[in-house]
Amino acid sequence: FDSVKVISDIVYGSNFTYDATQAQVGLTREDQLLDIYLPADTDKTIKRPLIIFAHGGSFINGTKLDGDIVYFCNEFAKRGYATASISYRLGYEQPLDSQNAVRAVYRALQDGRAAIRYMRANADSFQIDPNRIFMGGTSAGALIAINVGYLNLPSEVPSYVDTSAHSMLNPMGLDGIEGKTNNINVPSTISGIINFCGATKTTAWMEDAYSRSLPIISMHGTEDQTVPYGTDFVYVNRLLGLDQPDIPLIKVQGSYPIHQKAQELGIPNAFYTWCAAPHVPYIGSDSAAKAYMDTLISFTNRGIYEKLMPCGFTPGYETNSSACFTTTAINPVKAETINLTVYPNPVNNDLMVNTDIKGEYTVKVYNLAGQKMMEYQGLIGETNKINTANLSSGSYFIRIENNTGTTFNKFIKN
């Protein structure tokens, strides 16, 4: 579709805020808004799948008009989806510790569920298929999308989250898992998750029957210092952008362990690793950010067809399930463009590397979690020797690059 119709500032609910900058924590109501993006189409008989997107911002800032979210909504609406961008409650109570961080996420999840209920209840008004609603987001918004799906049982809510009924006499009560941002009596279930640089508190939440029914698309950079790619802490100073020593806030599991758990449980999933990429590398106006964004749109579009709405293979899109590609446009550079041979494989010590790259190039070795283990620079010639003595036993990816291209291969260290 050439154009998109936007319906702005729809109130989907209202709830109490808990931002510590306010004098009355838990006593002030705030409307929650959403914008709907629809293909400019005159056919009133079509029921479109809906993707609800939540913005990032560390649960401190950000809006439904953030540039990446608006871009997502427009791009997928042009592809025939209905999309929506939501606001949700921001802010932490003090002190900023793990318990108050979880309470902030819990409130945002309640708002996300309320937005789903609103859109399902009004599906006919917006030509939406109520049985094909997906939740997506970037960074903090991805945490909302993941946990709206996988944190779905009251027994999974941490015991320190006060789920008692909120009242003026009990302002710290957050209500139950569905919340009271609205009281629309329809399910808040979804049909799949789109995760850009997000995480969950524990992948154990993926084990119940409903969670196992939710396919997930994930994209994440291995050098993300804000939301970990693997299992690690979120740090207060990084979250707030402070130039201070690391202060651990809460331990989470990022996109890689989510992918591993999905594989273990047989949950359909599409996973893209951006090797050596930082947090949300697709946000920005430079050529690198635009290249990451092109790959994100391409990979997600294919993943929706193959995993969220299985209906056959959509040609013309490249995937990257676990290895490392260079993102250079809509499609990543494929490994087959440059020949690379490594031997012996498995290797005990010296690994011989043969490639048709000429001149100087860089060799990087990654483990299966995407962590860079070794790097050599300035190698010249067709065959070179790499000493792997310091690597532990296991499987690794070797990546070779210079200004003419990039390629990779896999080897096993005995």
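Trainee: Is Cys73 buried or exposed?
Mentor: Let's settle the words: buried is under 20% relative accessible area, exposed is over 50%, and partly exposed is in between (1.4 Å probe, protein chains only). Cys73 has 0% relative accessibility, so it counts as buried.

Trainee: What kind of model am I looking at?
Mentor: Residues are numbered from 1 along each chain as its sequence is written, and side-chain values use heavy atoms, with hydrogens and water left out. Local features need pLDDT of at least 70, side-chain atom pairs count only at pLDDT 80 or more, and totals for chains, interfaces and linings use all residues, because the model is predicted.

Trainee: What is the mean pLDDT, and which stretch is below 50?
Mentor: pLDDT is the predictor's confidence in each residue, from 0 to 100. The protein has a mean of 86, and 87% of its residues reach 70 or more. Counting a contact as heavy atoms within 4.5 Å, one stretch has 73 contacts in the model beyond near neighbours in sequence, yet its pLDDT is below 50: residues 311-337.

Trainee: How many disulfides are there?
Mentor: A disulfide is a covalent bond between the sulfur atoms of two cysteines; the cut-off is a pair of cysteine sulfur atoms within 2.5 Å. Cys197 is buried too, at 0% relative accessibility. Still, searching the whole structure turns up a count of zero.

Trainee: In what order do the eight strands of the open sheet run?
Mentor: Strands (E, at least two residues) and helices (H or I, at least four) are DSSP runs, numbered from the N terminus, and two strands pair if DSSP finds at least two bridges between them. In this sheet the pairing is mixed, and the order is E1-E2-E4-E3-E5-E6-E8-E11.

Trainee: Which are the edge strands?
Mentor: Look for strands that pair on one side only. Those are E11 and strand E1 (4-16).

Trainee: What angle does helix H3 make with E5?
Mentor: Axes are lines fitted to C-alpha atoms, for helices over the stretch in contact, and angles between N-to-C directions run from 0 to 180 degrees. From one strand to the next, the twist averages 20°. Helix H3 (residues 140-150) packs on the sheet, touching E3, E5, E6 and E8, and its direction makes with that of E5 an angle of about 135°.

Trainee: In E13, which residue is the bridge partner of Thr341?
Mentor: E12 and E13 run antiparallel, joined by four bridges. They form a hairpin with six residues between them. Thr341 is matched in E13 by Asn354.

Trainee: Which side chains of E13 are buried?
Mentor: In a regular strand the side chains alternate between the two faces of the sheet. Along E13, Asp350, Met352 and Asn354 point to one face and are not buried, while the other face takes the buried ones: Leu351, Val353 and Thr355.

Trainee: Which residue forms a cis peptide bond with Asn345?
Mentor: Look in the loop between strand E12 (340-343) and strand E13 (350-355). The bond there has omega near 15°, and it runs from Asn345 to Pro346.

Trainee: What is the phi of Gln127?
Mentor: Gln127 sits in the loop between H2 and strand E5 (128-138). Its relative accessible area is 16%, so Gln127 is buried. Although Gln127 is not a glycine, its phi is positive, at about 55°.
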